[in-house]
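Please read the points below with the model open beside them. They are meant for someone who has not looked at this structure before.

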Amino acid sequence: MLIRRFSAQWPFVLALTLILSASDLNATGSHRLLITEFLALNGSGLQDTDGDYSDWIEVYNPGESAINLEGWSLTDKQDEPYQWLFPALTLNPGDYLLVYASGKDRRVAGSPLHTNFKLSGGGEFLALIEPDSGLIAHAYDPFPAQQTDVSYGLYLNQPTYFRTPTPGEGNTLGTQ
């Protein structure tokens, strides 16, 4: 009888476990930020402040709270989670942040940000790492080979290519 009662309640237990797991992830900060789009082969699109067509990465805060990015990092090396650290700046809910993957290593809050690495057009690992824990908040492991001036990112939580990149804006189906 006990086994039968447990079996009948199994869907409820499973649903409750999933809800608690999701709230635990939000409480610890996991998956609160996303890399929603990036461009690894920028030939004629967005220029950085130096006039260069640098690669770029877009970070998005889909949550309901502002997040201080101090201690968060971007990396293209699995064995080096803190390859490039964000400066102390806040990403508000619903906001996007553009970071150039130029190799120029610029980290001044309020100025254009530049990683100390460039992206490989042939595809590679790319991750956003949480502060202190070193846990991966979001990653492309690996992302596929890229095309010049075609971005790659998320649409409805699925990775896809975008023929019309939208740096700093939401991705739409019409930009594939």
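The points below go from the overall make-up to the strands, and then to the side-chain pairs.

1. Overall make-up. The model is predicted. The protein contains one helix and twelve strands. Read from the N terminus, the order of elements is α-β-β-β-β-β-β-β-β-β-β-β-β.

2. Burial, surface and contacts. Of the 176 residues in the protein, 38% are buried. The exposed area is about 9,500 Å², and carbon and sulfur atoms supply 54% of that area. Among contacts between residues at least 6 apart in sequence, 53% join residues at least 24 apart.

3. Strand β2. How many of the six residues of strand β2 are buried? Six of the six, in residues 55-60, are buried, so strand β2 is largely enclosed by the rest of the structure. In a regular strand, side chains alternate between the two faces of the sheet. In β2, D55, I57 and V59 point one way, while W56, E58 and Y60 point the other way, and all are buried. The residues on both sides of β2 thus include charged ones, D55 and E58.

4. Neighbours of β2. Strands of a sheet pair through backbone hydrogen bonds, either parallel or antiparallel. Strand β1 (residues 34-39) runs antiparallel to β2 and is joined to it by five bridges. Within that pairing, I35 has V59 of β2 as its bridge partner. Strand β7 (residues 96-101) also pairs with β2 in the antiparallel sense, over six bridges. Here W56 stands opposite Y100 in β7.

5. The four-stranded sheet. In which order do the four strands of the open sheet come? The order is β5-β4-β9-β10, with antiparallel pairing. Strands β5 (84-85) and β10 (136-140) are the edge strands, each pairing on one side only. Strand β9 (residues 126-129) runs antiparallel to β10, and four bridges join them. One of the matched positions is L126, whose bridge partner in β10 is Y140.

6. The hairpin of β11 and β12. Strand β11 (residues 151-155) and strand β12 (residues 158-162) run antiparallel and are joined by five bridges. S151 stands opposite F162 in β12. Two residues lie between the strands of this hairpin, and L156 takes a positive phi near 50 degrees.

7. Aromatic pairs. A pair of aromatic rings is described by the distance of the centres and the angle of the planes. The structure holds seven aromatic pairs. In one of them, F38 and F143, the ring centres are 4.6 Å apart and the planes are at 50 degrees, a tilted arrangement. This pair links distant parts of the chain: F38 lies in strand β1 and F143 in the loop between β10 and β11, 105 residues apart. F38 and F143 are both buried. Another pair is that of Y152 and Y161, which counts as edge-to-face because the planes are at 65 degrees, with the centres 4.9 Å apart. Y152 is buried, at 8% relative accessible area, whereas Y161 is partly exposed, at 26%. Ring pairs link F38, Y140, F143, Y152 and Y161 into a cluster.

8. Salt bridges between two loops. Side chains of opposite charge can pair when their charged atoms come close. There are six salt bridges in the whole structure. One of them joins D48 and K104, at 2.7 Å from N to O. D48 is in the loop between β1 and β2, and K104 is in the loop between β7 and β8 (113-114), 56 residues apart. Is D48 buried or exposed? D48 counts as buried, with 5% relative accessibility, while K104 is partly exposed, at 26%. D50 and R106 form a further salt bridge, with the closest N and O atoms 2.9 Å apart. D50 is in the loop between β1 and β2 and R106 in the loop between β7 and β8, 56 residues apart. D50 is partly exposed, at 41% relative accessible area, and R106 is partly exposed, at 32%.

9. A further salt bridge, and the network. The side chains of E80 and K77 meet at 3.9 Å, N to O. E80 is partly exposed at 36% relative accessibility, and K77 is partly exposed at 39%. Salt bridges that share partners join D48, D50, D52, K104 and R106 into one network.

Methods: Residues numbered from 1 in each chain as written. Predicted model: local features only at pLDDT ≥ 70, side-chain atom pairs only at ≥ 80, totals over all residues. Heavy atoms only, no water. Pairing = 2+ DSSP bridges. Buried < 20%, exposed > 50% of the residue type's maximum accessible area, 1.4 Å probe, protein only. Contact = heavy atoms within 4.5 Å. Areas by Shrake-Rupley, 256 points an atom, 1.4 Å probe, with all protein chains shown as cover. Phe/Tyr/Trp six-rings, centres within 6.5 Å; stacked < 30°, edge-to-face > 60°. Salt bridge = Lys/Arg side-chain N within 4 Å of Asp/Glu carboxyl O.
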